Protein chains: 2
Amino acid sequence: MQRSLDTGLGEVKAQLIQMAGYLEEAVKYSTLAWKNRSREMIDKVNQIESKVNQAHMDIDAACFKLLATQQPLASDLRFLLSVVKINTDLERMADQAVNIANNTEFYLKHTPYPDLADLIKMSEIVRELVKVAIDSFINSDSALAKKVVDEDDQVDQLKDKVFQNALESIKMKTTDAEQGLNVILIARNLERIGDHATNIAEDVIFSISGKDVRHSHSREKGGLNEK
Amino acid sequence: MQRSLDTGLGEVKAQLIQMAGYLEEAVKYSTLAWKNRSREMIDKVNQIESKVNQAHMDIDAACFKLLATQQPLASDLRFLLSVVKINTDLERMADQAVNIANNTEFYLKHTPYPDLADLIKMSEIVRELVKVAIDSFINSDSALAKKVVDEDDQVDQLKDKVFQNALESIKMKTTDAEQGLNVILIARNLERIGDHATNIAEDVIFSISGKDVRHSHSREKGGLNEK
């Protein structure tokens with residue numbers, strides 16, 4: 001029984017790693033779309049989305065089957081419940097990548113935004129957080145997971161900067177209002193991807209240690225600083 | 001064994017209903033905050049948040065314990081997995097109510113926005129969707145759940161209208177850029193609460209029927225129409 005459970009857990013883990021790979025691609029292409037002004041990248045994100053959606057349902061079904069047939073306990077049960085949650089987060093991150101791709105459709109219709117430096121920096125940090133969160137899952141490494149939880153604030157601070165500069169640009173008329181809003185929305189999408197990376201990291205910590213750390217650290221929030 | 005499982009499932013259900021009640025209050029107060037220009041309502045939302053966070057952790061722990069000790073099968077297992085997911089959605093809806101409260105802090109610092117009619121209408125529809133989603137869970141009613149899934153598009157359409165009018169107001173200088181953005185962000189928060197209500201409804205359908213309907217209907221998305 002345990003051997004068959006171990007095989008099942010290994011299969012579910014492999015499925016989730018594959019899905020995480022799709023997601024990392026989707027985030028990469030969605031970033032290249034606005035950075036390189038590339039419609040081809042927008043199409044790539046949309047193509048990946050259907051793979052993510054299928055994987056999302058397949059992984060949930062596989063977890064359900066394991067829970068129903070193998071009755072996992074203790075750390076195996078924690079692992080499976082974490083997979084169920086991480087699966088949801090990965091799918092919602094892909095939704096955000098699609099949102100970025102769609103916001104980029106609007107973005108490309110307007111004059112390029114005057115200064116993308118902070119948005120580019122933000123996208124790099126978010127992609128790194130996503131990578132580290134996924135690595136923490138793959139390697140069951142709670143130190144890596146903790147790094148994600150600790151570093152998410154950087155993303156929030158950069159998002160505030162992008163918001164403030166976009167508002168300033170709208171007021172100074174160095175960008176039109178729509179374009180300023182497009183940049184704000186892309187920043188907001190990136191921030192949400194970072195939030196989901198934090199959720200994944202928290203689930204990895206629970207899976208490894210049984211500790212629920214979700215409400216024990218303060219996240220910045222609200223106004224220009226949403227959670 | 002089944003009797004003790006039934007008791008456990010009943011307790012978890014009662015806990016989730018209580019949490020849903022907190023959430024409905026948080027959404028109500030967050031709406032009254034900007035609508036009635038009330039700082040008292042902002043405080044109330046923040047007070048509710050800590051109750052929601054505690055309930056979030058307690059419900060997850062209760063589900064884990066039932067899974068570990070009672071090995072539920074078939075519809076009981078589906079119910080428990082749905083509770084785990086709905087619990088997450090309720091907590092994130094509360095985060096959005098907190099975001100609205102915090103955005104309202106900024107909103108109250110500026111001249112009142114010229115026309116809140118669409119935002120008010122949007123908040124009413126979202127609160128109704130939340131109520132129906134919760135009722136579908138309480139009564140295990142998939143027809144009610146389907147209603148939520150079908151009606152979420154109304155929210156997206158109203159959000160587009162709020163976005164367009166806010167952009168127009170910024171350009172015509174009938175509002176300042178910050179206030180236009182505050183209204184856009186509140187609309188975005190409300191839309192996300194509606195999205196979570198849809199997620200809950202989809203989980204209720206899965207719990208009752210075993211059908212995964214999550215990627216079978218199209219959600220509008222992206223640009224001014226994000227998902």
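This section describes the relation between chains A and B, their interface, and selected helices and salt bridges.

The structure is a predicted model, in which local features require pLDDT of at least 70, side-chain atom pairs count only at pLDDT 80 or more, and totals for chains, interfaces and linings use all residues. Side-chain values use heavy atoms, with hydrogens and water left out, residues are numbered from 1 along each chain as its sequence is written, and chains are lettered from A in the order in which they are written.

Superposition was by least squares on the C-alpha atoms of residues with pLDDT of at least 70 in both copies. A turn of 180 degrees, with a shift of 0.0 Å along the axis, lays chain B on chain A with an RMSD of 0.0 Å. This is the relation of a two-fold axis. The same surface serves both copies, as 100% of the contact residues of chain B recur in chain A. Within chain B, the residue that comes closest to the rotation axis is B:Gln71, at 3.0 Å (C-alpha). B:Gln71 also takes a positive phi of about 40 degrees, just after α2(B).

At the interface, 51 residues of chain B are in contact with 51 residues of chain A, contact meaning heavy atoms within 4.5 Å. The two chains bury about 4,700 Å² between them, 61% of it on carbon and sulfur atoms; buried area is the accessible area (1.4 Å probe) that two parts lose on being put together, summed over both.

Eight salt bridges are counted between chain B and chain A, a salt bridge being a side-chain nitrogen of Lys or Arg within 4 Å of a carboxyl oxygen of Asp or Glu. B:Asp60 forms a salt bridge with A:Arg214, with the closest N and O atoms 2.9 Å apart. Helices, taken as DSSP runs (H or I, at least four residues) numbered from the N terminus, contribute to this interface: α2 (39-70), α3 (74-107), α5 (142-171) and α6 (177-209) of chain B each supply at least two residues of the side that touches chain A. The most is given by α3(B), with 16 residues.

The 32 residues of α2(B) should span 46 Å at 1.5 Å a residue, which agrees with the 46 Å between its end C-alpha atoms; the expected span is 1.5 Å times one less than the number of residues. At the N-terminal end of α2(B), B:Ser38 acts as a cap, a side-chain oxygen lying 3.4 Å from the backbone nitrogen of B:Glu40.

Over all chains, the whole structure has 24 salt bridges. In the salt bridge of A:Glu105 with A:Arg39, the closest N and O atoms are 3.2 Å apart. This pair links distant parts of the chain, with A:Glu105 in helix α3 and A:Arg39 in helix α2 of chain A, 66 residues apart.

Notes
Polar contact = N/O pair within 3.5 Å; in protein donor to acceptor, adjacent residues only side chain to side chain.
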